[in-house]
Amino acid sequence: MRDSENFAAAAGELIDEVQSTIRDDEPAPARERRSPWVLPGVLAIVFAGVLGWNLWLLQAASPRLSPTEARRADGVMVFVATQAVEGWAAEHGRVPEDLDAVGLGFTELRYAPSAGGFSITSSQGEAPVRHDRSERIDDFMVRMGVAPPDAESPEGIR
């Protein structure tokens, strides 16, 4: 009887071992497949977040001019336009009808030709910047704070 008990126990162990081996060899159940839009959707959200962050940083980094700096910048723009108009007038013998004729695309400036000259006004800042042809350009630059009071005009600049 003892041999039969040992045999039964050994057979039971053998059956358990075979069943265990069969379970290990079975392929794992296929995992549920994700929808095909999940990965592109997640990538699009990440991309939009990074883009938004960079645009926000770009906006936050743009410098703002103080009123004094804005007035000086307007003065330089009026100076450039004045020199372009004076050059055009020296070449053609008269002042141009508008700033487009001299090749300037400054939409911020108002140009007004007159019988004896012209005036150019910029109203970008809080106070308008105006230059009239009757005013010497070095006096204008001193008035704008761009040139020191004792500066002399270079040769050829009126």
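1. The buried residues of helix H4 are covered by, among others, helix H3 (67-92) and strand S3 (129-132). The model in which this is seen is a predicted one. Helix H4 spans residues 137-144, and its buried residues are Ile137, Asp138, Phe140, Met141 and Met144. These residues lie on the same side of H4, because they cover an arc of only 155° around the axis. After H4 comes Gly145, with a positive phi near 85°.

2. The overall plan of the chain may be stated next. The chain contains four helices and three strands. Read from the N terminus, the order of the elements is α-α-α-β-β-β-α. The chain has 158 residues, and 20% of them are buried. Its accessible surface is about 12100 Å², and carbon and sulfur atoms account for 58% of that surface. Among contacts in the chain with a separation of 6 or more, 40% are between residues 24 or more positions apart.

3. The strands should be examined together. Strands S1 and S2 run antiparallel and are joined by five bridges. The connection from S1 to S2 is a hairpin of four residues. Within this pairing, Leu109 stands opposite Ser122 in S2. Strand S2 (residues 118-122) also runs antiparallel to S3, with four bridges between S2 and S3. Here Thr121 is the residue opposite Arg130 in S3.

4. Which residues of S3 lie on its covered face, and which on its uncovered one? Val129 and His131 form the covered face, whereas Arg130 and Asp132 form the uncovered face. Strand S3 is itself part of what covers the buried residues of H4.

5. The largest nonpolar core has 19 residues, and those touching the most other members are Val85, Leu99, Leu109, Tyr111, Ile120 and Phe140. Two or more residues of this core come from each of H3, strand S1 (109-113), S2 and H4. Helix H3 gives the largest share of the core, namely six residues. Phe140 thus deserves a second look: Phe140 is listed among the core residues that touch the most other members, and Phe140 is also one of the buried residues of H4.

6. Ile120 illustrates how parts of the chain meet. With neighbours within four places in sequence left aside, the contacts of Ile120 include Val78, Ala81, Thr82 and Val85. Leu109, Arg110 and Tyr111 are also in contact with Ile120, as are Val129, Arg130 and His131.

7. Thr82 belongs to helix H3. Is Thr82 buried or exposed? Thr82 is buried, because its relative accessible area is 2%, and a residue counts as buried under 20%. Setting aside neighbours within four places in sequence, Thr82 touches Phe118, Ile120, His131 and Ile137. Of these, Ile137 is one of the buried residues of H4, and His131 is on the covered face of S3.

8. Tyr111 lies in strand S1. Tyr111 and Thr82 are separated by 29 residues in sequence, and their C-alpha atoms are 9.7 Å apart in space. Beyond neighbours within four places in sequence, Tyr111 is in contact with Val85, Val95, Pro96, Glu97, Asp98, Leu99, Phe118, Ser119 and Ile120.

9. How many aromatic pairs are counted? The count is two. One is the tilted pair of Trp53 and Trp56, with 5.5 Å from centre to centre and 35° between the planes. Trp53 and Trp56 are both in helix H2 (residues 38-61), three residues apart, which is about one turn of the helix. In general, residues three or four places apart in an α-helix point the same way, because the helix has 3.6 residues a turn. Trp53 is exposed, at a relative accessible area of 52%, while Trp56 is partly exposed, at 49%.

10. Tyr111 and Phe118 also form a tilted aromatic pair, with 5.9 Å between centres and 35° between the planes. What is the relative accessible area of Tyr111? The value is 15%, so Tyr111 is buried. Phe118 is likewise counted as buried, at 1% relative accessibility. Hence this pair joins two buried residues, whereas the pair in H2 joins an exposed residue, Trp53, to a partly exposed one, Trp56.

Key:
Residues numbered from 1 in each chain as written. Predicted model: local features only at pLDDT ≥ 70, side-chain atom pairs only at ≥ 80, totals over all residues. Heavy atoms only, no water. Buried < 20%, exposed > 50% of the residue type's maximum accessible area, 1.4 Å probe, protein only. Contact = heavy atoms within 4.5 Å. Areas by Shrake-Rupley, 256 points an atom, 1.4 Å probe, with all protein chains shown as cover. Arc of directions from axis to C-beta. Pairing = 2+ DSSP bridges. Core = buried A, V, L, I, M, F, W, Y, C linked by side-chain atoms within 4.5 Å. Phe/Tyr/Trp six-rings, centres within 6.5 Å; stacked < 30°, edge-to-face > 60°.
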